[in-house]
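Work through the following exercises with the sequence and the structure side by side. Each task is followed by a solution that goes step by step.

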Amino acid sequence: MATMAGSRAIFHHLAPTTAEPVNPQLPHPQVLPPPSLPSPCVGGATFPPPTSIPRPRPGVSGTYMSLSSSFLSPNTPRRLLPLLLPLRLSSSPPSPIPMPPRRDHGKQPEQKWKPKAAPTTSSVAATGGIQKMTLAPGASAQVWVPRAYATSASSSSSSSVPAEQGAAADKLSTLFKGAEDFSVDDNTFVEAQIRATFYPKFENEKSDQETRNRMIEMVLQGLATMEVTLKHSGSLFMYAGHLGGAYAKNSYGNIYTAVGVFVLGRLFREAWGKKAPKMQAEFNDCLEKNRISISMELVTAVLGDHGQRPKDDYAVVTAVTELGHGKPKFYSTPEVIAFCRKWRLPTNHVWLFSTRESATSFFAAYDALCEEGTATPVCNTLDEIADISVPGSKDHVMVQGEILEGLVARVVSRESSVQMEEVLKNFPQPSLDGGQGDSGLGPSLREICAANRSDEKQQIRALLDNVGSSMCPVHCDWFGNGGLEAQSRNADKSVVTHFLQAHPTDYATKKLQEMIRLMKHKNFRAAFKCYWNSQKVGSLSNDNLYYKMVIHVHSDSVFKRYQQEMRKNQGLWPLYRGFFVDVNLFKANNKKAAELSKDSNTLLKNIDGALDPSSSTKDSLADEDSNLMVKLKFLTYKIRTFLIRNGLSILFKDGPSAYKTYYLRQMKIWGTSASKQKELTKMLDEWAVYIRRKCGNKQLLSSTYLSEAEPFLEQYAKRSPANQALIGAAGDLVQTENFLAILDAQRDEEGDLQRELGAAPSSPASTSLDVVSKTEGLIVFFPGIPGCAKSALCEEILNTPGGLDDSRPVHSLMGDRIKGRYWQKVADERKKKPFRITLADKNAPNEEVWRQIEDMCGTTKAAAVPVIPDSEGTDSNPFSLEALAVFMFRVLQRVNHPGNLDKASPNPGYVLLMFYNLYDGKSRREFESELYERFGSLIKMPLLKPDRAPLPGDVKGILDEESVYSDCIKAGMEERNHQKVHMLKNGHSGRKGCV
């Protein structure tokens with residue numbers, strides 16, 4: 001069997017760091033139809049197609065322990081004994097990861113592109129004509145509820161409004177309760193329309209170096225042009241008009257989207273001056289009529305820290321998408337620039353490389369600048385080597401600063417250079433009519449946030465009121481509608497089920513059903529959150545329901561797994577980032593239902609028949625070459641975000657030693673040069689001492705970490721030119737304490753709600769002197785995989801005189817020796833002697849087992865302690881492939897194993913892969929968090945040395961292949977089970993020939 005061979009191939013690469021038998025002669029463990037721009041938008045211009053580019057258990061205190069890596073020896077279990085009891089308590093669960101200023105001065109940057117000279121532009125100063133804006137300093141903290149949709153957008157209200165809203169609220173409340181009884185029958189239909197979306201997240205199958213080489217090769221062969229853009233350090237904001245809605249990455253109707261709408265509205269005032277209200281209304285109308293959404297990088301100092309606090313608050317358009325009634329179509333970069341110049345919206349800096357020499361020079365330039373590069377030298381260098389350079393509307397140095405997050409390079413159509421020249425000729429850089437500076441523009445974003453400090457609702461209201469009714473006439477997505485607040489908008493969870501069961505009215509709905517059905521069947525880590533559509537309140541009835549669906553992908557690994565499914569089924573639509581869908585569930589009478597069914601079937605048949613698989617895959621993610629992309633980040637940015645900000649929790653909870661292990665591993669992954677590693681080690685060690693001395697045991701908030709980090713970096717940089725080059729740029733810190741946005745609930749940097757308790761703490765040492773009471777029983781169990789050393793640990797505990805230095809008796813139940821239902825046997829034994837310590841020597845891989853253990857704790861008055869192998873894990877599994885390789889190695893060293901899982905077994909690798917896949921869909925953080933929430937405690941057993949080398953490529957390849965093979969086996973078994981159930985239902989049980 002392939003799996004067996006693959007398992008044994010690992011033998012020569014890994015040696016265990018465990019109590020299981022070890023051969024002393026084995027090697028030492030190694031470190032291991034294109035979118036046409038509609039005439040209302042860009043004067044009818046068209047272009048060739050774009051290239052596709054912990055709650056603790058009641059009564060049990062929270063406990064968390066992690067064992068030092070110094071225990072890597074055959075005596076590891078004996079060293080673990082003192083750590084099991086007493087169990088030290090962590091003072092609190094970990095905080096969730098938090099998240100991240102603006103005035104435009106002077107003229108737009110002069111356009112420069114090669115080979116032609118750029119036309120010069122001028123800025124026309126204008127004053128007056130702007131409607132006077134106010135800060136509303138006396139704004140009430142009370143939640144403001146606007147009039148029902150379709151009434152006047154004016155903020156004024158008559159005395160009859162409260163009565164009207166009360167009646168509307170009663171009506172809607174009745175409708176919402178009735179919707180819980182909505183059922184799907186033959187006359188139930190559904191129409192789904194994508195409202196906003198961003199590019200699919202594409203993961204290259206090749207390494208970055210292989211991707212680079214392929215990109216250069218495609219340029220050389222004339223198959224593509226390479227396009228490079230700046231990566232501004234902000235968050236995703238999408239806008240589909242005042243009716244279509246404003247969205248963050250995975251949420252809407254919150255401070256993040258309100259900030260986005262305000263910034264966008266202010267951009268119109270800066271660009272159009274006294275014409276701004278008229279142009280805002282026309283822009284909204286254009287987006288609605290043509291079903292267009294725009295995506296922007298929103299860069300602001302009021303939403304928390306990223307790599308550098310921007311000098312100004314601004315946004316840059318990164319995508320324009322035609323949604324229509326089919327698959328979203330993304331404008332090419334030339335089309336985006338044409339669209340933005342028509343509406344005077346800010347665009348990004350773009351460079352095009354159409355020759356092998358220029359493409360090769362680009363990657364060479366990045367390699368030379370990646371460890372010290374900042375915005376000015378990077379942009380100047382690319383201007384020199386690019387075939388075409390199109391400066392952005394916003395100068396990165398002027399609005400954000402010198403700290404540059406990175407560059408994004410991708411392949412685009414080979415005609416892009418010609419298209420770009422045409423666009424630059426036909427759509428010159430527009431002048432701004434809003435005047436220079438902030439004069440006449442009204443209060444800025446920071447001034448409004450500073451003047452409204454009561455709560456998040458007050459800030460949202462002030463922002464939307466100040467942006468004006470022409471830009472945002474209705475506020476129901478933030479405050480609800482018809483007398484009901486936005487908090488009442490959550491719909492029943494059955495909506496997704498009804499969505500999948502109802503008849504689709506069109507092709508787009510059918511494809512969305514196909515996508516969601518697949519993701520649910522494959523148990524992808526994604527949520528399909530449904531809310532009542534406040535914009536459609538006036539059209540609601542018992543048989544006509546309107547929702548907004550937010551498709552929230554929890555883990556980046558889902559995108560990669562979905563890509564694999566797309567390669568099997570090229571008709572699948574891509575899985576987009578920032579994915580929002582309007583859903584209409586309705587019932588039709590028999591006659592109308594027949595017509596809809598006929599029309600729908602005809603439409604779907606015609607569309608399916610018209611699709612040419614050979615041509616349709618050109619823009620599909622299944623065609624990897626058409627989606628080659630590489631993100632190139634700069635060390636000066638990564639120092640601040642990855643090494644300082646993201647290392648705060650480790651530094652404050654685990655201490656300087658663990659922090660050093662963390663940042664050294666990060667630098668090794670990045671391939672940081674030895675000289676820079678030495679410089680950074682010196683600087684980060686000094687930072688660790690400085691910030692712990694200043695903050696004590698109180699962890700610095702990552703949302704405002706730059707308040708401490710930037711002054712430290714500034715002083716460090718002043719010591720020497722080498723330090724200055726290391727830091728990149730420091731000083732000129734923007735103080736945000738007076739205007740930072742107020743959040744009523746903790747959210748991530750994209751505005752999505754986070755769970756209050758976050759992830760399990762990662763501290764190996766406790767901060768509390770409390771211990772788990774010895775007046776109750778204890779269950780020690782192992783959420784692991786065969787080979788994780790649970791039996792070795794249990795045996796060592798039993799053989800140790802005095803056991804756990806505890807008066808309670810210790811009892812072990814080995815799963816491989818228990819016949820029948822193991823966990824029922826554990827429950828029965830605990831009822832006999834509930835006071836004792838039970839070692840549940842069996843893998844406990846899923847939530848069903850965890851629930852049984854929770855029940856035992858309740859019925860026998862016991863605490864439960866999960867013991868897990870320490871591993872970095874992956875985005876979709878709590879155990880890394882390196883950990884899996886070690887487990888396989890250990891199993892292959894076994895002889896006469898009571899469970900018959902040893903080197904004499906015919907398929908040990910397959911069995912371990914099946915166990916590994918039982919954890920699939922949970923990241924390490926999610927895995928630890930759930931265990932901590934359920935049991936209030938967690939112990940980690942050391943597994944791998946932190947300074948190990950990477951897993952050998954051939955071993956990794958074997959594991960990857962076998963994991964896919966295991967998935968196929970599992971899928972086949974599921975299909976066979978479905979067939980059996982179907983045949984049993986049809987009376988074919990037991991007949992010859994049945995599956």
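**Exercise 1.** Which side chain is joined to that of K922 by a polar contact? Bear in mind throughout that the model is predicted.

*Solution.* Begin by locating the residue: K922 is found in the loop between α32 (908–918) and α33 (924–935). Next, look at the side chain itself, where a polar contact of 2.9 Å joins K922 to E847. Then widen the view to the surroundings: leaving aside its neighbours within four places in sequence, K922 is in contact with R525, E847, D875, S876, N877, P878, F927 and E930. Finally, consider the accessible area of K922, which at a relative value of 16% makes this residue buried, because the cut-off for buried is under 20%.

**Exercise 2.** Determine the order of the strands in the open sheet that contains β3, and find which strands stand at its edges.

*Solution.* Reading across the open sheet, the five strands follow the order β10-β9-β3-β11-β16, and the pairing is antiparallel. At the edges stand β10 (388–390) and β16 (629–633), and each has a single partner strand, so one side of each is left without a neighbour in the sheet. From one strand to the next, the twist averages 20°. A helix is also part of the picture, since α13 (residues 416–426) packs on the sheet and touches β3 (225–231), β9 (350–353), β10 and β11. The direction of α13 makes about 45° with that of β10.

**Exercise 3.** How many bridges join β3 to β11, and how many pair β3 with β9?

*Solution.* On one side, β3 is joined to β11 by seven bridges, the two strands running antiparallel, and here E227 has R410 in β11 as its bridge partner. With β9, β3 pairs over four bridges, again in the antiparallel sense, and the partner of V228 in β9 is W351. As for exposure, β3 is mostly covered, with six of its seven residues buried. Moving on towards the edge, strand β11 (residues 406–412) pairs with β16 over five bridges in the antiparallel sense, and G406 stands opposite K633 in β16.

**Exercise 4.** Is the pair formed by the rings of Y252 and Y531 stacked or edge-to-face?

*Solution.* The structure holds 31 aromatic pairs. In the pair of Y252 and Y531, the ring centres are 5.7 Å apart and the planes lie at 85°, so the pair is edge-to-face. This pair links distant parts of the chain, 279 residues apart, with Y252 in the loop between β5 (246–247) and α7 (255–272), and Y531 in strand β13 (residues 526–532). Both partners are buried, for Y252 has a relative accessible area of 3%, while that of Y531 is 15%.

**Exercise 5.** Find which residues are linked into a cluster by ring pairs, and then which charged end sits over the ring of W272.

*Solution.* The cluster held by ring pairs consists of F198, Y199, F330, Y576 and F579. Turning to charges, the charged end of R344 sits over the ring of W272, 3.7 Å from its centre. The ring of F182 has the charged end of K587 over it, at 4.7 Å from the ring centre.

**Exercise 6.** Against which elements do the buried residues of α19 pack?

*Solution.* First identify the buried residues of helix α19 (residues 556–568), among them V558, F559, Y562 and M566. Then follow their surroundings: the buried residues of α19 pack against α18 (507–521), β14 (544–553) and β15 (576–587).

Notes:
Residues numbered from 1 in each chain as written. Predicted model: local features only at pLDDT ≥ 70, side-chain atom pairs only at ≥ 80, totals over all residues. Heavy atoms only, no water. Pairing = 2+ DSSP bridges. Axes fitted to C-alpha atoms, helices over the stretch in contact; angles between N-to-C directions. Contact = heavy atoms within 4.5 Å. Buried < 20%, exposed > 50% of the residue type's maximum accessible area, 1.4 Å probe, protein only. Polar contact = N/O pair within 3.5 Å; in protein donor to acceptor, adjacent residues only side chain to side chain. Phe/Tyr/Trp six-rings, centres within 6.5 Å; stacked < 30°, edge-to-face > 60°. Lys NZ or Arg CZ within 6 Å of the ring centre and 35° of its normal.
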